[in-house]
Amino acid sequence: MTYLQGHDDFVSRYMRLCDINNSEAPAVYHRWVCLSILGAALGRNVWIDQGPYKIYFNQYMMLMGSPGARKGSAMAIGRKLLKASGYRRFAADKTSKEHFLMDMKHTDSESNNPLEDIETLVMDSPAESYIMSGEFTDFIGQGNMEFVTMLTNLWDNLDEYKQPKIQGKSVHVHRPTVNLLGANTPEGFSLAFPPEALGNGFLSRVLMLYAEPTSNRVAWPLPPDELLMADLINRIQEIRTFYDGAALEISQEARELGTYIVTGK
């Protein structure tokens, strides 16, 4: 069963769903939104063995462009698709770093006492969160270096993250797994990340995806193909089941490409 590659792979069908000719958003936005939701769907269910380390598929991405480049429009399609598949680990639209940790619960169920839920997270299942923010500066705030530093650490898929004493309780987040897909303008980006952010490692972990606005002007966009959308929803659900605690086998072609990227040979 092929989900991510092949003649009729997931990415190709996703791009068909987005219908580039019927969209004002650049194709590059749609393509990377697709890869981002796949990374969130996979979570820690699948990895690549790299010597003593496991490389997971969580990603930090930032769609960059001028106002009106339709960054949020591209993100909306991916969010709708992922949510319809049953994914429930979206972060709040605006939060503090403390509440972000509190929301990283180890189950998808709601609780009447979230403070007790997050006092100690020691279950085997990872604590997942998907930051999907069309206004990233609004999500994180201006120059919030403590939050930026925490996200820098969480990118590395730690076995545990400990935050001492939030509202009288210590928070132990078990196997935190964070994906990030944000959108920003150059001006907003400079507000979210002060100059000192250049030295803390966060920006080296973020894929910056810039695109100019397209020339497409669509007065009355057509609704997405319902059958194609249903198929993609089903594929996401199957992906989460199919890739459940397994290391990917790397083809020789992929190994050669990876070697070239790293060494230039």
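Begin by selecting strand E7, residues 176–184, in this predicted model: nine of its nine residues are buried, so the strand is largely enclosed by the rest of the structure. Buried here means under 20% relative accessible area.

Now show the side chains of E7 and turn the view from one side of the strand to the other. In a regular strand the side chains alternate between the two faces of the sheet. On one side of E7 you will find Pro176, Val178, Leu180, Gly182 and Asn184, while Thr177, Asn179, Leu181 and Ala183 lie on the other, and both faces are covered, since each of these residues is buried.

Which strands pair with E7? Select strand E3, residues 60–64, which pairs with E7 in the parallel sense over five bridges, and look for Met61, which stands opposite Leu181 in E7. Then add strand E4, residues 127–133, whose pairing with E7 is also parallel and runs over seven bridges; here Ser129 is the residue that stands opposite Val178 in E7.

Leave the strands and go to the second largest pocket, which holds about 440 Å³ of space. To find this pocket, select Cys18, Asn22, Ile77, Pro221 and Leu222, the residues nearest its centre among the 23 that line it. Next colour helix H1 (10–18), helix H3 (71–84) and helix H9 (226–242), each of which supplies at least two residues of the lining. Which helix gives the most to this lining? That is H3, with five residues. If you finally colour the lining of the second largest pocket by residue type, you will see 13 nonpolar residues, four polar ones and six charged ones.

Key
Residues are numbered from 1 along each chain as its sequence is written. This is a predicted model: local features need pLDDT of at least 70, side-chain atom pairs count only at pLDDT 80 or more; totals for chains, interfaces and linings use all residues. Side-chain values use heavy atoms; hydrogens and water are left out. On a 1 Å grid over the protein atoms alone, a cavity is a set of points where a 1.4 Å probe fits but cannot get out, and a pocket is an open set with protein on both sides within 12 Å along at least five of seven lines; lining residues have an atom within 4 Å of a point. Grid points are joined across faces, edges and corners, and a volume is the space filled by probe spheres set on the points. Helices (H or I, at least four residues) and strands (E, at least two) are DSSP runs, numbered from the N terminus. Ala, Val, Leu, Ile, Met, Phe, Trp, Tyr, Cys and Pro count as nonpolar, Asp, Glu, Lys and Arg as charged, and the others, Gly among them, as polar. Buried means under 20% relative accessible area, exposed over 50%, partly exposed in between (1.4 Å probe, protein chains only). Two strands pair if DSSP finds at least two bridges between them.
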